[in-house]
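Me: Can you walk me through how to read the empty spaces and the odd backbone spots in a model like this one? Let's take them feature by feature.

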Amino acid sequence: MPLFHYLRIALAQIIAGSALLGSGLGEVFHWQELPVIPDPVGFAAPFAGVVDGALVVAGGANFPDARPWAGGTRTWHDRAFVLDHPGGEWRVGGTLPAPIAYGVSITLPEGLLCVGGSGPGGHVSDVYLLRMEAGELAHEPLASLPLPLANASGVQVGSWVYVFGGIASPTAKPENRLWGLDLSNRAGGWVELPPLPGRPRMLATAGALRGHLYIFGGVDLLDDPATGGLVREYLHEAWRFSPRSGWERLADMPVALTASPSPAPPAGTNHLLVLGGDDGALAAELLRLKDDHPGFPDDIWAYHVVTNTWTTAGKMPRDPGPDPANDPNSGLWPPVTIPVVAWEGMWVIPGGEGRPGVRTPRVIAAKTDGGRSEVGTLNMTVLVIYLLAMLGIGFYFSRKERSTERFFRGSQSLPWWAVGLSIYATMLSAITFMAIPAKAFTDDWSYFFANVAILAVAPVVIGLYLPFFRRLDVTSAYEYLQRRFNTAVRVFGSVSFILLQIGRMAIVLYLPAIALATVSTLDVYTCILLTATLCIIYTMIGGIEAVVWTDVVQTFVLLGGALISLFIVLMSVNGGLPAIFEMATTDQKFFENTVWFSTDMAIASVAVIFFGSFFQNLISYTASQDVVQRYMTTADIGKARRSIWTNALLALPGTAIFFTLGTALYVFYKSQPERLSTGIANDQILPLFIVNELPAGIAGLVIAAIMAASQSTLSSSLNSVAAVWMTDLQPLIRRGRVVADKRNLSMAKGLILIVGVFVTGVACIMASMEIASLWDAFIVVIGLTGGGLGGLFALGIFTRRAHGYGALTGAFASIIVLGLVRTQADISFFLFGAIGMITCFVVGYVVSLLIPARGLDLTGLTIHTLLPKEDSSSAKSG
């Protein structure tokens, strides 16, 4: 224990002196002002949102003649103001059906939903949708609330709109009821959902994130025996609601707050922000302070939905101006009782109550930009050394690349252990490198069983598939499809693989670069170009040998980077591994919430994860050229078997390392929530830790590990795409013309260059034009062929009756079924590969039975006709 204690102190001193960013993190807010609403006083509690791309502020209440303590009368309004773009001017765009304020505003794609509120005649239950028609606002009545409500909270979560709490009349006590409207079935009206099992409240802040409803703070109204009236009690409570699991009490807010601008804006994928609010500290002093009131608190509080922690994340703008007592609107005040509107990439707060009894027409807006850290000279030096080392390996093997046989298969002379490490590195992309720790950080270890399936797949591949590839002596996996079926099936497999790999390569380049650029000063284009350019060069000049040996180095770099990160997390948490295990167990971060079996196929139970992952891995290890190509690089089938077992046995401890790292990061950031930047996505949690917490030099090594994970996937895909093109497609284009092998080798290298430049360009375009969603859609569409490819190989190997027409029919049926499953069925994505493969196999076999083919020579091409090893040459020649 003393050794651990001294190690921890020493490491803390190293980190404090040399980490990229040694202080606490916070969100960087860029506040700006938008045009002032054309009203001399401004409004509190209007409806506000976006209609047809324009910012709309409608209704609201104020004291236009005098302050309330000076006899002013509250006035409700019905005018609607429209701001078409941030640099424009406000215009009057119509009126509401009646003067109203203190309702719930929810922006929907088709308009602004206005729910409840209060007016001169009391509280109302009206609900309507504001639309834009010919530049003017029109309202469409919808199903009314079951009771009048004002000062309620509301937000959209998925296809549902939730409205919570509030008061039914000016003299009523708050509600704790929750109402929901299913937007896909609006005719069904409002449904009463389970009530909050806590204090009733009004003026709470609502929020929506990751499919959940959040309720923060608010006030309850209690009987005051002294006056016979009601007195406010400010609440700290925070709650989360899920339709599946109901209400859950969360960590209390550090400060009791009410009337904060609502809904709470999300920051990144895991934070909700509570912007200021009324803490009630000066509520009893209102009549004494009057116009000398200093305003409401300006702290921004960030709640992290994964670690269940609160931390400060900046300040709202505050500028009292030259004469705050007599001219409060000459300054800026943190407002309350006002909606927050997401508009034009900003969070807009259009007016509100700047001080008790004082409204403001000023409109403030914020853009967020997570704090980023300098990379530093030492880290860049380490990164450059790594990249040059990879390039050096490529140049070393370039002297040996004299034939396509060596370029694509390494003359079958590579060591089995190196090939095994290469398979492992190929399958572990940079996305996985970041995603597995992120999964353990945000959820638990349930997905661990996805990689357990690799152990089950290994003996199947070794016993049933590997003999075919080795005895047929193929360069491309899809050569088997032609020998077993026909040219059309081979072309289908080859083209599907090439398109999928092109899409995959662009994503593998783009996503890690975005993650690193988000949390550091590394430019996204620099990340993409550094990763891609050198990888293209060493793959192009060094062939499969350079790919395999760089993969070997990259395996050690990426696993070493993960282990170093894990070690530093362990040293940075009080109590080390036992403390991490204790907190993680308490917070159920291992298998405590794991669903082992369920008949609901939408739930990622262990049975679904393992079954689906078995088929997904079976597809990758039997129908994907980038893996199958490795089987042909060893001297004999025995060494190929060892390489497959090397990868399988490495997968489990490697997965355990990454899951442990994610769990350790959870404990680290829960213990120090102030260090968790509020603008990052889930998959950026490891890059965030790397650039902000690791010592200089070590951080550079782990950044190199992320690039290594990208390069190992990229290099394998480039070489395998070239192999498939030159082996499967180029002969068809030449129509039998014989070309010298030296020319084929030059063409293969040129193809690697062309494909590499193309995918690099696509990755850069994705970074500049935000077409990632379109590219994702392309990947999904092309990915529909993956299950079919696995089905084709199974159909060929395990059946005698299947033929080319049946196989193609099965492949296209697989694409159609998978497309329907993805869009129409509620089924876990783990099952997609299994569904595609089984569909292809069953349909292909049935069609082959219904339309039999004659004269098929299946010698050596099925498991039933597999030749002994010594007779395999005849199968090759046929």
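**Cavities, backbone, helix, pocket**

Reply: Start with the second largest cavity: its lining has 5 nonpolar, 3 polar and 1 charged residues. Here Ala, Val, Leu, Ile, Met, Phe, Trp, Tyr, Cys and Pro count as nonpolar, Asp, Glu, Lys and Arg as charged, and the others, Gly among them, as polar. Keep in mind that this is a predicted model: local features need pLDDT of at least 70 and side-chain atom pairs pLDDT 80 or more, while totals for chains, interfaces and linings use all residues. Numbering runs from 1 along each chain as its sequence is written, and side-chain values use heavy atoms, without hydrogens or water.

Me: Which residues line the second largest cavity?

Reply: The idea first: rolling a probe the size of a water molecule over the atoms shows where empty space is left. A cavity is a set of points, on a 1 Å grid over the protein atoms alone, where a 1.4 Å probe fits but cannot get out; lining residues have an atom within 4 Å of a point. In this case the lining is Gly331, Leu332, Trp333, Pro335, Ile349, Gly351, Thr360, Arg362 and Ile364, around about 70 Å³ of space. That volume is the space filled by probe spheres set on the points, which are joined across faces, edges and corners.

Me: How many cavities of 30 Å³ or more are there, and what lines the largest cavity?

Reply: There are 8 of that size, and the largest holds about 260 Å³. It has 19 lining residues, with Gly103, Ala152, Ser262, Ile338 and Pro339 the closest to its centre. Strands S8 (104–108) and S14 (153–157) are the elements that give two or more residues each; helices (H or I, at least four residues) and strands (E, at least two) are DSSP runs numbered from the N terminus. By class the lining is 11 nonpolar and 8 polar, with no charged residues.

Me: Ser262 again! Which peptide bond is cis there?

Reply: The one joining Ser262 and Pro263, with omega about 5 degrees. Pro263 sits in the loop between S23 (246–249) and S24 (266–267).

Me: Where should I look for positive phi outside glycine?

Reply: Try Asn308, with phi about 60 degrees, in the loop between S26 (299–304) and S27 (309–315). Glu344 has phi near 50 degrees and lies between S28 (341–343) and S29 (346–350). Asn308 is partly exposed at 26% relative accessible area, and Glu344 is partly exposed at 48% (buried is under 20%, exposed over 50%, partly exposed in between, with a 1.4 Å probe and protein chains only).

Me: What is the end-to-end distance of H10?

Reply: Compare it with the expected span, 1.5 Å times one less than the number of residues. H10 (524–572) has 49 residues, yet its end C-alpha atoms are only 29 Å apart, against 72 Å for a straight helix. A kink of about 130 degrees is centred on Gly543 (the angle between axes fitted to the seven residues ending there and the seven starting there). Of those 49 residues 36 are buried, so H10 is largely enclosed by the rest of the structure.

Me: And what about the second largest pocket?

Reply: A pocket is an open set of points with protein on both sides within 12 Å along at least five of seven lines. This one holds about 1,500 Å³, and among its 37 lining residues Arg210, His212, Thr442, Asp443 and Asn593 are the closest to its centre. S23 gives the most, 4 residues. By class there are 13 nonpolar, 12 polar and 12 charged.
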